[in-house]
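Trainee: I should like to understand the words used for this structure. May we take them in turn and set each value against its definition?

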Amino acid sequence: MHTRALLACIAASSLMISCTTDNDEKKEPSADLKRKTVATYADIVYNSYLDAREAGVVLETAINAFVTAPSPATQDAAKQAWFKARIPYGQTEVYRFYDGPIDNATDGPEPLMNSWPLDESYIDYVEGDDTAGIINMTGKFPDLSLDLLSGANGPGEADIATGYHAIEFLLWGQDLEAASALTAGHRPYTDYVVGEEGTASNQARRGAYLKLAAQLLVDNLDFLVAAWKPNAANYRAEFLAANPDASLAKILIGMGSLSGAELSGERMTVAMDNGDQEDEHSCFSDNTNLDIVFNDQGISNVFNGSYERTDGTKVTGTGLYDLLKASDADLADKLKDQLAQSLKDAKLIDRPFDNAISLANTAGRAKVRTTINALMAQAATIPDAAEALGIIINLD
């Protein structure tokens, strides 16, 4: 989402704990079961951020190798590392929207990590302007550094300078092909070759910028890992020590906000309505389909209390499904089925996403709409699930 605008949504998402003692035909789960659910969530958060951090290090290493020795092979290796890095990070998006470590207004690094869509000309040259961007504006930005990139980032989409999508643009370049071409960006590796072979000016600065962006990404992932590390005086410790209903409300707001306003709304409906590849999440690499799948997978991970790490090991425990089943088995099964359906629908969207949303692709757009509707349906059920647990959440 347009990240700064999202902060307003975070502030508007209120957490309220229900004080009602009227159980009627429903049975409120025990405090012990609630604490186990919260603890499982914290384990999943930590392990998925750990995977994202490890994949980020691999990406940084591949980028450093590419900049040191630019070639088609090293560029492709960096691109493949970027694809792999998106898999675990995409599953962490559900940990947002409740003022946690990732996106709190004080020091949350999310705007530095996953902001989009970005104005490519703020970073580097674009078609029709060879001198655009921080990379080419040597007078205004003489010395590239981590502080400069961080300070230059945001608050609006016209000023995005860092994160996964800035790195994506620097590896792939603009996607200038028509959606029907089914291809991503074609930045030549020679953009990084210093000397006569270079196809664009300021090759050394471009390489330095790309390396700094990768380093900053890893630094921010380190911050998130530390915030959720077990047995430490950190956010995780506070999260576990809090009233379990308060922590559960945050978990449910993350699930509902991602399902609804963010994924089905900002990431899919906006692009669908405009039919414009510039509005898709990963428009340079054409990775948007998998972004959607892994965002939705993250919601299922939390609900089911299970996360499969990148090395194949599984983190399992008491999930929200188990907790909700103790209160309302029918509702638990309904939400479980909805989550499974939206994930199934997301996997059926035509690739690449810019082709699926093309105004000329009626069948492709129908599949996108089906997924949007499925995500909206599960988003509508999540507040009901919260209420069944004795918790009231407001998803703005």
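Mentor: Let us begin with Thr162, which is found in the loop between α5 (146-152) and α6 (164-172). Helices here are DSSP runs of H or I with at least four residues, numbered from the N terminus. The model is predicted, with local features needing pLDDT of at least 70 and side-chain atom pairs pLDDT 80 or more, while totals for chains, interfaces and linings use all residues. Residues are numbered from 1 along each chain as its sequence is written, and side-chain values use heavy atoms, leaving out hydrogens and water.

Trainee: Why is Thr162 called buried?

Mentor: Buried means under 20% relative accessible area, exposed means over 50%, and partly exposed lies in between, with a 1.4 Å probe and protein chains only. Thr162 has a relative accessible area of 1%, so the word buried applies.

Trainee: How do you know which residues Thr162 is in contact with?

Mentor: Contact means heavy atoms within 4.5 Å. Leaving aside neighbours within four places in sequence, Thr162 meets that rule with Pro111, Leu112, Leu149, Ser150, Asn153 and Leu216. For Leu149, 13 residues away along the chain, the C-alpha separation from Thr162 is 6.6 Å. In addition, a polar atom of the Thr162 side chain lies 2.8 Å from the backbone oxygen of Leu112.

Trainee: What makes Tyr209 buried, and which residues does it touch?

Mentor: Tyr209 has a relative accessible area of 0%, and therefore counts as buried. This residue sits in helix α7 (residues 203-228). Not counting residues up to four places away in sequence, Tyr209 touches Ile123, Ile134, Ile135, Leu144, Leu149, Ala161 and Leu170.

Trainee: What makes the pair of Asp43 and Arg236 a salt bridge?

Mentor: A salt bridge is a side-chain nitrogen of Lys or Arg within 4 Å of a carboxyl oxygen of Asp or Glu. The N to O distance between the side chains of Asp43 and Arg236 is 2.5 Å, and the pair qualifies. Asp43 lies in helix α2 (residues 31-68) and Arg236 in helix α8 (residues 235-241), so the bridge ties together parts 193 residues apart in sequence. Asp43 is partly exposed, at 31%, whereas Arg236, at 8%, is buried. By this rule the count comes to 17 salt bridges.

Trainee: How do you know that Asp291 forms a salt bridge with Arg86?

Mentor: Their closest N and O atoms are 3.3 Å apart, which satisfies the rule. The pair links distant parts of the chain, Asp291 in helix α10 (residues 288-304) and Arg86 in helix α3 (residues 72-90), 205 residues apart. Asp291 is buried at 4% relative accessibility, and Arg86 is buried at 4%. Elsewhere, salt bridges that share partners join Glu93, Arg96, Asp103, Glu110, Glu262 and Arg267 into one network.

Trainee: Why is a space called a cavity, and how many cavities of 30 Å³ or more does the structure hold?

Mentor: On a 1 Å grid over the protein atoms alone, a cavity is a set of points where a 1.4 Å probe fits but cannot get out, and lining residues have an atom within 4 Å of a point. There are 4 cavities of 30 Å³ or more, and about 60 Å³ of space lies in the largest. Its lining residues include Trp116, His165, Glu168 and Phe284. By class, that lining has 5 nonpolar, 2 polar and 3 charged residues. Trp and Phe count as nonpolar, Glu as charged, and His falls among the others, as polar.

Notes: 1 Å grid on protein atoms, 1.4 Å probe; cavity = no way out; pocket = protein on both sides within 12 Å on 5 of 7 lines; lining within 4 Å. Points joined across faces, edges and corners; volume = space filled by probe spheres on them. Helix = DSSP H or I, 4+ residues; strand = E, 2+ residues; numbered from the N terminus. Polar contact = N/O pair within 3.5 Å; in protein donor to acceptor, adjacent residues only side chain to side chain.
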